[in-house]
Amino acid sequence: MANNKNKREVIPKLPYGQGTINIMPDGETYIYKKNVAGKRHSVYGTSVKEVMSLMVAYERDIKRKAGQKENITLAEAMYSWLEKYKKPKLKKTSYDTLRKTISSRIDNHDIGLTRVYAIDADMIQEHLNSLNETDCLSYSTIKKCYDALNDFYRNYFIQGKIETNPMLVVQMINKENIIKETKKIEFFESEDIKLFTSQACRIFPWSGKPQY
C-alpha cells in the first residue's frame with residue numbers, strides 16, 4: 001500500500017511473471033515494470049489502473065512490431081498452427097484432410113506466399129471468391145478452406161499475434177452463388193434395373209460360374 005497523503009490506492013501484488021507496480025518517490029506517479037519479449041519495460045501513470053492499461057497496450061504493440069519483422073508467410077504460419085495446435089487433437093484422416101486443404105487451397109496460391117501480417121480481410125475474401133469464380137471449386141471444398149482460415153485466425157488473434165481478426169468480416173460464399181454445379185443423382189428406371197440385374201446374374205453355361 002502506498003503510504004502517503006496524496007495516494008491511498010492499494011498496489012496489487014501481481015502473479016509471478018506479470019511484473020511489479022510501485023509508486024515513485026514523488027508520491028504521485030506509479031511505475032509498472034514487466035519483462036516483455038525478453039526485455040524489461042516500464043510504463044508510468046497516475047493510478048494503478050492507468051499503468052496496467054498502458055502496459056497491456058504497450059505489450060500488444062511490442063508483439064505486433066515483433067511480428068511484422070518476421071518474414072513468415074500465411075502458408076508457413078498455417079502449417080505451424082496445424083502441427084502445434086490441430087495435430088494433437090485430430091484424427092489422422094481429419095489431419096490429412098486439413099493439411100491437404102492448406103497445401104492445395106492456400107500454399108499453391110498468391111495469398112499463401114504473402115506475409116501473414118500483411119494480409120487483410122479484403123485479400124482473404126478475394127481469395128475465396130477466386131476459388132469459386134476462377135478455380136470453379138465445389139461449395140464443400142471452398143467451405144473447408146474458409147473453415148481452416150477461420151480456425152487459424154481465431155487462434156492467431158487469441159495468442160495476441162494480430163490486433164484484429166480479419167475473418168470477422170469475411171463471408172463464406174452462398175451455395176446458390178457457387179458456379180460449379182452440384183452433382184445430380186440419377187436413378188435407374190424399372191426396365192434398366194431389370195436389365196442390370198439380369199446381366200449381373202448371368203452364368204457361363206460351359207463353366208457354371210458367374211460372368212461378373
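This passage walks through a small sheet and a set of packed helices in a predicted model.

The sheet comes first. Three strands, and the order is easy to remember: β1-β2-β3, in an open sheet with antiparallel pairing. Strands in a sheet are held as partners through backbone hydrogen bonds, and the pairing can be parallel or antiparallel. Here β1 (20-23) and β3 (39-45) sit at the edges with a single partner strand each, so one side of each has no neighbour in the sheet. On average, neighbouring strands of this sheet are turned by 25° against each other, if direction is ignored.

The pairing of strand β2 (residues 30-36) with β3 is antiparallel and runs over 7 bridges. As one example of who faces whom, Tyr 30 stands opposite Gly 45 in β3. The hairpin that joins β2 and β3 has 2 residues between the strands, and Ala 37 in this hairpin takes a positive phi near 55°.

One residue of the sheet deserves a closer look. Tyr 44 belongs to strand β3. Is Tyr 44 buried, exposed or partly exposed? Its relative accessible area is 47%, and Tyr 44 therefore counts as partly exposed, since that class lies between the 20% limit for buried and the 50% limit for exposed. Setting aside neighbours within four places in sequence, Tyr 44 is in contact with Met 24, Thr 29, Tyr 30, Ile 31, Val 51 and Leu 54. Tyr 44 and Ile 23 are 21 residues apart in sequence, while their C-alpha atoms are 9.4 Å apart in space.

On to the helices. Helix α2 (residues 74-86) has a run of buried residues: Leu 74, Ala 75, Ala 77, Met 78, Tyr 79, Trp 81, Leu 82 and Lys 86. What covers these buried residues of α2 includes α3 and α5, and those two helices also meet each other.

How do α3 and α5 cross? The axes of helix α3 (residues 92-107) and α5 come within 10 Å, at an angle of roughly 100°. That angle makes α3 roughly perpendicular to α5. On the α3 side, the contact involves Thr 97, Leu 98, Thr 101, Arg 105 and Ile 106, and these meet Thr 141, Lys 144, Cys 145, Ala 148 and Leu 149 in α5. Sorted by class, the residues of this contact between α3 and α5 are 5 nonpolar, 3 polar and 2 charged.

Helix α5 (residues 139-158) also packs with helix α4 (residues 121-133), at an angle of about 165° and with the axes 10 Å apart. So α4 is roughly antiparallel to α5, because angles over 145 degrees fall into that class. The crossing of α4 and α5 is right-handed. From α4, the residues Ile 124, His 127, Leu 128, Leu 131 and Asn 132 meet Ile 142, Cys 145, Tyr 146, Leu 149 and Tyr 153 in α5. By class, this contact of α4 with α5 has 8 nonpolar and 2 polar residues, and no charged ones.

His 127, in helix α4, ties some of these pieces together. With a relative accessibility of 7%, His 127 counts as buried. Leaving out residues up to four places away in sequence, His 127 touches Arg 105, Ile 106, His 109, Ile 111 and Cys 145. Arg 105 and Ile 106 also take part in the contact of α3 with α5, and Cys 145 is one of the α5 residues met by α4.

Definitions and conventions. Residues are numbered from 1 along each chain as its sequence is written. This is a predicted model: local features need pLDDT of at least 70, side-chain atom pairs count only at pLDDT 80 or more; totals for chains, interfaces and linings use all residues. Side-chain values use heavy atoms; hydrogens and water are left out. Axes are lines fitted to C-alpha atoms, for helices over the stretch in contact, and angles run from 0 to 180 degrees between N-to-C directions. Helices (H or I, at least four residues) and strands (E, at least two) are DSSP runs, numbered from the N terminus. Angles under 35 degrees count as roughly parallel, over 145 as roughly antiparallel, 65 to 115 as roughly perpendicular and the rest as oblique. A crossing is left-handed if the near helix is turned anticlockwise from the far one by less than a right angle, and right-handed if clockwise. Contact means heavy atoms within 4.5 Å. Ala, Val, Leu, Ile, Met, Phe, Trp, Tyr, Cys and Pro count as nonpolar, Asp, Glu, Lys and Arg as charged, and the others, Gly among them, as polar. Buried means under 20% relative accessible area, exposed over 50%, partly exposed in between (1.4 Å probe, protein chains only). Two strands pair if DSSP finds at least two bridges between them.
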